[in-house]
Structure formats: C-alpha cells, structure tokens
Amino acid sequence: RTGTLEPSKEPFSVHREKILNTAKRLVDNTKQLVSGAASDEDALKAAAIAAEKTISDLSEAVKVGAGALSLEDVETQVMLLNSCKDVAGALSTLIDATKDAWGKPVTDPFMNDLKTSAKDMVQSVSSLLKTVKAA
C-alpha cells in the first residue's frame, strides 16, 4: 500500500535505539568518505558502498519506527520520514563531492565543497537525531 506505514507491534522506544545506532554508523561512514578523498580509489569506493548500505538500513529503521508511532502522531511520522530523506539527500551530495575532491590538493575548491557537504551531512543527521529523541 503506497503512502501507508505498516504498524509496528513494538513500541517506538525499541526502534529509537536502532535508529540512533544506525545514524551513528552513518556518521562514521561520513568520516570515512571525507578521508577517502585523500586515499586510494578502492578505499573511497568501499566507504561509499558502506555509506549506501547504512543509509538503506537507516531508511528502513526510520520507516519501521515511524510505523510504531500512533496514528494520532502523523506529524511526527512525517517529520521522521522527511528528516531521513534529508539525510539521504545530504549523503548523495557528500558522495558526489567526495568523488569530485578525490585526488585533488587540499587547496582545490572541490575540497571546500567537500567540507561544506560534510558539514551539511552532519547537520542533517543531527536534525534527524533531535526528531528521533523528541518522538
């Protein structure tokens, strides 16, 4: 059913921990991506693959967690899903910035783009965490 969350049999608190732990893994992936810009191509590729797997896990955890919220709390469900969407968008931008910055000197403008993208990524994850903790 499109547009409908499957209700969860577990309370949101169970899902909160999984979301928080997965978001922490994504922050670690972000660090690996940023450092991957200065490493070899295989390390960068591995970091990007790990981040894509983690964002997939996070999206699923948020979706299931949102389903654990009551139908009266649709606003929080929407906030959770939108926050996760923002994180996914920031990750996509970060991966692109990392590819652009790969192998460039620290003074290259692409490195500034990478720093900005990393900050945006961290900010998006922080926003998601605030939403999760408030739910």
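This report describes the fold, the nonpolar core and the polar interactions of a predicted model.

## Overall architecture

The secondary structure of the protein chain consists of 4 helices and 0 strands, arranged along the sequence in the pattern α-α-α-α. The C-alpha trace spans about 50 × 25 × 25 Å along its principal axes. Of the 135 residues in the chain, 38% count as buried. The accessible surface comes to about 8,000 Å², and carbon and sulfur atoms account for 55% of that area. Among contacts between residues at least 6 apart in sequence, 74% join residues at least 24 apart.

Helix 2 offers a check on helix geometry. At 1.5 Å a residue, its 28 residues should span 40 Å, and the end C-alpha atoms are 41 Å apart, which agrees. At the start of helix 2, a side-chain oxygen of Asp40 comes to within 3.0 Å of the backbone nitrogen of Asp42.

## The nonpolar core

In soluble globular proteins, nonpolar side chains tend to be buried together. The largest nonpolar core in this model comprises 34 residues, of which Leu26, Leu33, Leu58, Leu80, Val87, Leu91 and Met121 touch the most other members. At least two residues of this core come from each of helix 1 (12-36), helix 2 (41-68), helix 3 (74-101) and helix 4. The most is given by helix 2, with 10 residues.

Leu26 illustrates how these contacts are distributed. Leaving aside residues up to four places away in sequence, Leu26 touches Ala51, Thr54, Ile55, Leu58, Val87, Leu91, Met121 and Val125. Among these partners, Leu58, Val87, Leu91 and Met121 also appear in the list of core residues that touch the most other members.

## Salt bridges

Side chains of opposite charge can pair when their charged atoms come close. The structure holds 4 salt bridges, and the table sets out three of them, including the closest N to O distance for each pair.

| Salt bridge | Closest N to O distance |
|---|---|
| Asp57 and Arg25 | 2.7 Å |
| Asp57 and Lys53 | 3.0 Å |
| Lys63 and Glu60 | 3.6 Å |

Asp57 forms a salt bridge with Arg25. This pair links distant parts of the chain, as Asp57 lies in helix 2 and Arg25 in helix 1, 32 residues apart. Asp57 counts as partly exposed because its relative accessibility is 24%. Arg25 is likewise partly exposed, with a relative accessible area of 37%.

The salt bridge between Asp57 and Lys53 is local to helix 2: the two residues are 4 apart, and are therefore separated by about one helical turn. An α-helix has 3.6 residues a turn, so residues three or four places apart point the same way. Lys63 and Glu60 are 3 residues apart in helix 2, so about one helical turn separates them too. Lys63 is partly exposed at a relative accessible area of 41%, and Glu60 is partly exposed at 40%. Through salt bridges that share partners, Arg25, Lys53 and Asp57 are joined into one network.

## Buried threonines

Two threonine residues show how polar side chains are placed in the model. Thr54 lies in helix 2 and is buried, because its relative accessible area is 4%, under the 20% limit for that class. The side chain of Thr54 makes a polar contact of 2.6 Å with the side chain of Asn29. Apart from residues up to four places away in sequence, Thr54 touches Thr22, Arg25, Leu26 and Asn29. Two of these contact partners recur in the preceding sections: Leu26 belongs to the largest nonpolar core, and Arg25 forms a salt bridge with Asp57.

Thr131 lies in helix 4 (residues 109-134). Its relative accessibility of 10% means that Thr131 counts as buried. Excluding residues up to four places away in sequence, Thr131 touches Met79, Leu80 and Ser83. Of these, Leu80 is one of the core residues that touch the most other members.

Technical notes:
Residues are numbered from 1 along each chain as its sequence is written. This is a predicted model: local features need pLDDT of at least 70, side-chain atom pairs count only at pLDDT 80 or more; totals for chains, interfaces and linings use all residues. Side-chain values use heavy atoms; hydrogens and water are left out. Buried means under 20% relative accessible area, exposed over 50%, partly exposed in between (1.4 Å probe, protein chains only). Contact means heavy atoms within 4.5 Å. A nonpolar core is a set of buried Ala, Val, Leu, Ile, Met, Phe, Trp, Tyr and Cys residues joined through side-chain atoms within 4.5 Å. A salt bridge is a side-chain nitrogen of Lys or Arg within 4 Å of a carboxyl oxygen of Asp or Glu. A polar contact is a pair of N or O atoms within 3.5 Å; within protein, one must be able to donate a hydrogen and the other to accept it, and residues adjacent in sequence count only if both atoms are side-chain atoms. The expected span of a helix is 1.5 Å times one less than its number of residues. Accessible areas come from the Shrake-Rupley method with a 1.4 Å probe; for residues, only the protein chains shown count as cover.
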